[in-house]
Amino acid sequence: MFDIIDIVKKRRINKMEKQRMVTGITPSGSMSLGNYLGVVKNLVEYQNEYELFVFVANLHAITIPQDSTSLKSKTKEMTALYIACGLDPEKMTLFLQSDVFEHAQLGWILTTQSTMGELSRMTQFKDKSSKQSEGDNISIPTGLFTYPCLMAADILLYDPKFVPVGVDQKQHLELSRDIAIRMNNKYDEMHVVPEPILTKGNIKIMDLQDPTKKMSKSSDNPKAVIKMLDTPAEITSKIKAAVTDSENLIKYDPINKPGVSNLMNIYSIIKNVSIDDCHKMWEGKNYKDLKDDVTQALLELIIPIQEKYSEIIKGDYLKEVLEKGALKAKKIAHKKLNKVQNKLGINWYRK
Ligand code: ATP
Ligand code: MG
């Protein structure tokens, strides 16, 4: 009897000791190698160390025009891929952003707590809006501008201690922190101010066709991005066509040789070998050797994930995972939204 009580107590303490972490990926395209190596791979480790909440950010996806049929399948695909890549819904909480209405509710409140000046400084808005507009502001969705407020809501709703982010999302997290601090000062300790956890080694996988910019799943050039569901033939041909330079010298130099350095980086991260060891390994070899080795490493990584994916995508399993996840997330989100609404004076009859 005492043993059982001890075990229950220990479990409770373990649960209490785990610090909370929240993150999400937008289903604006199929999961890329950049997303996997930059974030998802780490989440698989974090789920053992933290109380981890991961959501598929479908409300963020619609900040740029989407075809509804394709958005549905991309959302399902992203959910299945998270699990195929190693996330275990028994250890962490996986849910769909739109299933927890509190995200949009708090998102609206946070648009009233941020300024046009702050949002105008977001470099991602500048990049993405220039793609949407043809020289004017008329065709830029307003949601693209206010996106960081929804992202702040995604985070602050759960009062996490940590948010794992790639370097490209650091500015958005800074804004979430600024909003949290501002509201804490104004309304008295409302939010936990989240800390970023940057990907180990600040991993940034670059675009295969323009290695001076980061690989993005929403890129309109299919040759530029390795997708986790690409066929072996597609992976082989994308790496073969990856931009390098005319020197035929395998050397890590991201400034002067961004294409070659990106391929070396991909190999070194997948195989967990240092760049120094990569230099030794490829001494006297040419770009074809480099590309063959990178292709081989990619196939070894991706094929088992794809096999698991084909199992998960069948039947009602995903729906069950998301329903259970949303219920769990909602419990925390609802309580937090209520607290924010009360402090702002939105509710007068609810405690
Ligand atoms: P989009 O083009 O729609 O912005 P994306 O590929 O940038 O897609 P996001 O959904 O914006 O992906 O980001 C999901 C996570 O993946 C973020 O934490 C981001 O930092 C990380 N990430 C995205 N691209 C890369 C990359 N090339 N290298 C490393 N991490 C990345
Ligand atoms: Mg992005």
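**Backbone outliers and nonpolar cores**

Asn 272 lies in the loop that connects helix H11 (258-271) to helix H12 (275-281), helices (H or I, at least four residues) and strands (E, at least two) being DSSP runs numbered from the N terminus. The model is predicted, local features requiring pLDDT of at least 70 and side-chain atom pairs pLDDT 80 or more, whereas totals for chains, interfaces and linings use all residues. Residues are numbered from 1 along each chain as its sequence is written, and side-chain values use heavy atoms, without hydrogens and water.

Asn 272, which is not a glycine, has a positive phi near 55°. Most residues other than glycine have a negative phi. With a relative accessibility of 71%, Asn 272 is exposed (over 50% relative accessible area; buried is under 20% and partly exposed in between, with a 1.4 Å probe and protein chains only). A positive phi, about 45°, also occurs at Asp 159, in the loop between helix H8 (142-156) and strand E4 (162-165). Asp 159 is partly exposed, at 23% relative accessible area.

The largest nonpolar core (buried Ala, Val, Leu, Ile, Met, Phe, Trp, Tyr and Cys residues joined through side-chain atoms within 4.5 Å) contains 63 residues, and Met 31, Tyr 36 and Met 228 are among those touching the most other members. Helix H13 (residues 287-312) supplies the largest share of this core, eleven residues. Because domain 1 (2-198 + 316-344) and domain 2 (222-311) both contribute residues, the core lies between them; the domain bounds come from an automatic or database assignment. Beyond its neighbours within four places in sequence, Met 228 has contacts (heavy atoms within 4.5 Å) with residues including Met 31, Tyr 36, Leu 81 and Ile 305. A second, separate core of 39 residues includes Val 100, Ile 109, Leu 157 and Ala 326.

Key
Chains are lettered from A and ligands numbered from 1 in the order in which they are written.
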